[in-house]
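Me: I would like to go through this model by question and answer, with the terms explained along the way. Please show it to me before we begin.

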Amino acid sequence: MKLITKEFNQKTGIQNYLDLIDPESDMTNSTKIISEIFRYDVPLQKYTSFKTGGAAEIFVEPLGALELKRVLQFCKAEQKKIFIFGKGTNLLVGDNGVKGVVIHLGGINFKNLERDGRYVLAGGGVNLPKLIRTVALSGFGGLEALAGIPGTVGGAVMMNAGGKYGDISDTIRSLTTMAFDGTITKYMRGDVEFEYRRCNLSEQIVIEVEFQLNESKIEIVLEKMDKIYNEKQESQPLGTFNAGSIFKNAAEYKAAELIDKANLKGLKVGGAVVSEKHANFIVNTGNATSTDILDLIKIIKETIKKKYDVSLEEEIHIW
Ligand SMILES: Cc1cc2nc3c(=O)[nH]c(=O)nc-3n(C[C@H](O)[C@H](O)[C@H](O)COP(=O)(O)OP(=O)(O)OC[C@H]3O[C@@H](n4cnc5c(N)ncnc54)[C@H](O)[C@@H]3O)c2cc1C
């Protein structure tokens, strides 16, 4: 992580996003430049943690904010549907794939990581485990509650990822988004509504997040991370092809407990199985299709509705 000396509290973003002037804003030129970085018919199966799913009509990894803005201009001009892909760890992509442009914040400018004292600025494409570990090794606490959660910073913010020790929104100070119309906005934490596994930023791409951390001792933070990670390892089928919890919990119930009580652990459809280790996880045993997983989800929902009159709601996003 780059240590910066100047205060960035007032700074809006990695590259002065708000002053973003596109010298190629002429659409013809823009379309030409952008089409050079497009990849067509890209199988998303290799990118999702489920290791299932069809192809993206167009897949693009813009280098930074300027290129991202051009991609969005293209999508608007060509009326292409926009899909934002983080690390695909909470996604189920249908076997027929997606028609439109899948944008992955894989470009170098979205992977920036800077620290100024207890403030950390992270690009939307930064790997979440990398951020958590880097921050911990700098002697700061706050993000260790997210130990063991895969994905990117942008995806984690959109999902308000977390667990019983806290959610990512607890440590956010501000965040910057680019809306699908290209507008850039910096929000302070209080401007955004964060709820359980969601926030209200629709049609916006999280391009940068500022975290506010607590000074701590490296050993203390690492010890807490280890404890949380070990708990996960004991209770979840880590190291398998899955997408985390399939269903949301509610105040009245825990999805895993209901599924377990209904004896659905081990239930299989094709290559998809309800995990024996954690009933709210579906595992691709190697040859599952997304249709197998969808069928299994349907059976679980129907069974739980019939047995307990509870309508389970998916936590995973389905494309
Ligand atoms: C083994 C395992 C354990 C997990 N444990 C947990 C856990 O304990 N707690 C928890 O909350 N989750 C958990 N998850 C789920 C998942 O890791 C988190 O939801 C994670 O934050 C998703 O990040 P991602 O980058 O992979 O997002 P993706 O799966 O790629 O996308 C998720 C959603 O966010 C949107 N999105 C992604 N990036 C951006 C962006 N930059 N701007 C705008 N929208 C964006 C996508 O369009 C999609 O709608 C787990 C998953 C696995 C596989």
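Me: How many bridges join strand E19 to E20, and in which sense do the two run?

Reply: A word on the source comes before the answer: this is a predicted model, in which local features need pLDDT of at least 70, side-chain atom pairs count only at pLDDT 80 or more, and totals for chains, interfaces and linings use all residues. Residues are numbered from 1 along each chain as its sequence is written. Helices (H or I, at least four residues) and strands (E, at least two) are DSSP runs numbered from the N terminus, and two strands pair if DSSP finds at least two bridges between them. Strand E19 (residues 272-274) and E20 run antiparallel, and the number of bridges that join them is three.

Me: Which strands stand at the edges of the sheet E18-E19-E20, and which helix packs on that sheet?

Reply: The three strands form an open, antiparallel sheet in the order E18-E19-E20. Its edge strands are E18 (268-269) and E20 (282-284), each of which pairs on one side only. With contact meaning C-beta atoms, placed from the backbone, within 7 Å, and with axes being lines fitted to C-alpha atoms, for helices over the stretch in contact, and angles running from 0 to 180 degrees between N-to-C directions, the helix touches E18, E19 and E20, and its direction makes about 30 degrees with that of E19; this is helix H7 (residues 290-308).

Me: Why is one side of E2 and of E4 left without a neighbour in the sheet?

Reply: Four strands form an open sheet of mixed pairing, in the order E2-E3-E6-E4. One side of strand E2 (39-43) and of E4 is left without a neighbour in the sheet because both stand at the edges, each with a single partner strand.

Me: Which residue of E3 is the bridge partner of Tyr40?

Reply: E2 and strand E3 (residues 55-60) pair in the antiparallel sense over four bridges. Within E3, the bridge partner of Tyr40 is Ile58.

Me: Is Val71 buried or exposed?

Reply: Val71 is found in helix H2 (residues 65-78), and, leaving aside its neighbours within four places in sequence, Val71 is in contact with Ile34, Val60, Pro62, Val101 and Ile103. A residue counts as buried if 20 or more other C-beta atoms, placed from the backbone, lie within 10 Å of its own, as exposed if 12 or fewer do, and as partly exposed in between. Since Val71 has 23 other C-beta atoms within 10 Å, Val71 is buried.

Me: Which residue of E16 is the bridge partner of Gly123, and which is that of Thr176?

Reply: Five bridges join strand E8 (residues 119-123) to E16, and these run antiparallel, while strand E12 (residues 172-179) and E16 pair in the antiparallel sense over seven bridges. Eight of the nine residues of E16 are buried, so E16 is largely enclosed by the rest of the structure. For Gly123 the bridge partner in E16 is Glu208, and for Thr176 the partner in E16 is Glu208.

Me: Which helix gives the most to the shell around the ligand?

Reply: The ligand is surrounded by 32 residues (those whose C-beta atom, placed from the backbone, lies within 6 Å of it). Domain 1 (1-235) and domain 2 (238-318), with bounds from an automatic or database domain assignment, both give residues to this shell, so the ligand lies between them. Strand E4 (82-85), helix H4 (153-159), strand E10 (162-163) and strand E16 (204-212) each supply at least two residues of the shell. With five residues, the element that gives the most is H4.

Methods: Two residues are in contact if their C-beta atoms, placed from the backbone, lie within 7 Å.
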